[in-house]
Amino acid sequence: MVSVTRAVFGDLPSGAGTVEKFQLQSDVLKVDIISWGCTITALEVKDRQGRASDVVLGFAELEGYLQKQPYFGAVVGRVANRIAKGTFTVDGKEYKLAVNNGPNSLHGGVRGFDKVVWTPQVLSNGVQFSRISPDGEEGYPGELKVWVTYTLDGGELMVNYRAQASQTTPVNLTNHSYFNLAGQGSPNIYDHEVTIEADAFLPVDETLIPTGEVAPVQGTAFDLRKPVELGKHLQEFRIHGFDHNFCLKGSKDKHFCARVHHAGSGRVLEVYTTQPGVQFYTGNFLDGTLKGKSGAVYPKHSGFCLETQSWPDAVNQPHFPPVLLRPGEEYDHTTWFKFSVA
């Protein structure tokens with residue numbers, strides 16, 4: 001049994017509208033999602049003692065989300081991740097996007113899908129958000145109709161993304177939640193045990209754009225096919241963290257992506273998806289300057305993201321799985337976040 005409640009979360013400045021909050025609750029999970037950027041603002045899950053903690057980073061009030069912040073909990077698009085030099089060509093025409101991350105375009109541009117109010121519709125076990133991204137928004141071609149649906153079933157949160165385009169355009173949608181299974185506000189994620197079901201990853205250049213190589217994980221720091229304790233693993237391989245795409249099995253069906261276990265609390269997160277990749281990010285750019293919920297600060301490595309998606313810069317790399325959506329086709333992907341205790 002799932003209950004869905006609706007409330008006002010806050011008002012945008014200059015009378016630009018009201019942001020609502022939707023709380024989805026089952027016997028295992030309680031999830032808060034707001035209409036600003038389809039953002040997950042809280043996710044409460046019990047530990048092995050039955051004590052609930054909020055395991056996502058974020059803010060208690062709308063103002064937190066309106067400031068410059070690293071996409072906490074939001075849906076990012078029209079194209080998640082990086083596009084090299086903010087340019088791509090479709091059917092012989094070159095498109096130029098805002099460059100907002102070094103020399104590249106990141107997460108849809110200056111005002112991506114995370115920085116707009118979506119139209120909500122309450123469902124019996126969740127909420128569906130929709131919007132129309134106009135032709136030319138952030139430099140992308142064609143109008144794009146988008147639906148993002150969150151539904152809850154016991155300990156599983158399902159996120160479905162659908163889109164239809166009036167012109168051929170790249171589309172790549174994901175959720176950018178930062179998790180800490182010890183509870184948000186815990187200082188780091190070093191005691192988390194991580195598994196990612198990927199035989200290959202994408203090496204990147206100094207601006208974090210894939211070089212084009214699809215490299216085997218075997219014998220590298222990126223071999224997470226068996227569980228590794230994150231802190232020890234980073235030390236052993238002398239790396240500063242992960243911000244890389246892992247190449248999942250090529251199936252369009254639901255497949256296992258990742259598992260994270262926090263031994264201290266017993267909490268387990270398993271991720272399943274229909275997507276071809278997952279960006280594993282360990283909060284390398286968090287620096288402790290943002291004040292989060294309950295007075296928490298978020299230093300480097302205090303949260304991790306598992307952003308299921310198409311591969312970064314795929315629009316410019318023809319041997320990557322395709323990201324172009326053509327008129328008459330439908331973009332349709334689902335990711336499942338399954339919480340349990342072990």
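This note goes through the annotated active-site pair, one buried threonine and one helix in a predicted model.

1. Annotated positions. The UniProt record, an unreviewed entry, places the feature "active site" at His176 and Glu307. These two residues span 132 residues in sequence, yet no two of their C-alpha atoms are more than 6.1 Å apart, so they gather at one spot. Both His176 and Glu307 belong to the lining of the largest pocket. The annotation may be inferred rather than shown by experiment.

2. His176. This residue sits in the loop between strand S16 (174-175) and S17. His176 has a relative accessible area of 4% and is therefore buried, the cut-off being under 20%. Leaving aside neighbours within four places in sequence, His176 is in contact with Pro70, Tyr71, Phe72, Gly73, Ala74, Val76, His107, Tyr281, Cys305 and Glu307. The other annotated residue, Glu307, is thus one of the contacts of His176.

3. Glu307. Strand S25 (residues 305-309) holds Glu307. Its relative accessibility is 2%, so Glu307 counts as buried. Not counting residues up to four places away in sequence, Glu307 touches His107, Thr174, Asn175, His176, Gly277, Val278, Gln279 and Tyr281. His107 and Tyr281 appear among the contacts of His176 and also among those of Glu307.

4. Thr169. Strand S15 (residues 169-170) contains Thr169. Thr169 counts as buried because its relative accessibility is 0%. The side chain of Thr169 makes a polar contact with the side chain of Arg78, at 3.2 Å. Arg78 is also in the list of residues that Thr169 touches, together with Tyr140, Pro141, Leu144, Val323, Leu324 and Leu325, when residues up to four places away in sequence are not counted.

5. Helix H2, buried side. In H2 (residues 230-237) the buried residues are Leu230, Gly231, His233 and Leu234. They cover an arc of only 165° around the axis, which puts them on the same side of H2. The cover over these buried residues includes strand S17 (192-196), strand S20 (228-229) and strand S24 (277-281). S17 is also one of the two strands that bound the loop holding His176.

6. Helix H2, exposed side and end. Which exposed residues does the face of H2 turned away from its buried side carry? They are Lys232, Gln235 and Glu236. After H2 comes Arg238, with a positive phi near 55°.

Key
Residues numbered from 1 in each chain as written. Predicted model: local features only at pLDDT ≥ 70, side-chain atom pairs only at ≥ 80, totals over all residues. Heavy atoms only, no water. Buried < 20%, exposed > 50% of the residue type's maximum accessible area, 1.4 Å probe, protein only. Helix = DSSP H or I, 4+ residues; strand = E, 2+ residues; numbered from the N terminus. Arc of directions from axis to C-beta. Contact = heavy atoms within 4.5 Å. Polar contact = N/O pair within 3.5 Å; in protein donor to acceptor, adjacent residues only side chain to side chain. 1 Å grid on protein atoms, 1.4 Å probe; cavity = no way out; pocket = protein on both sides within 12 Å on 5 of 7 lines; lining within 4 Å.
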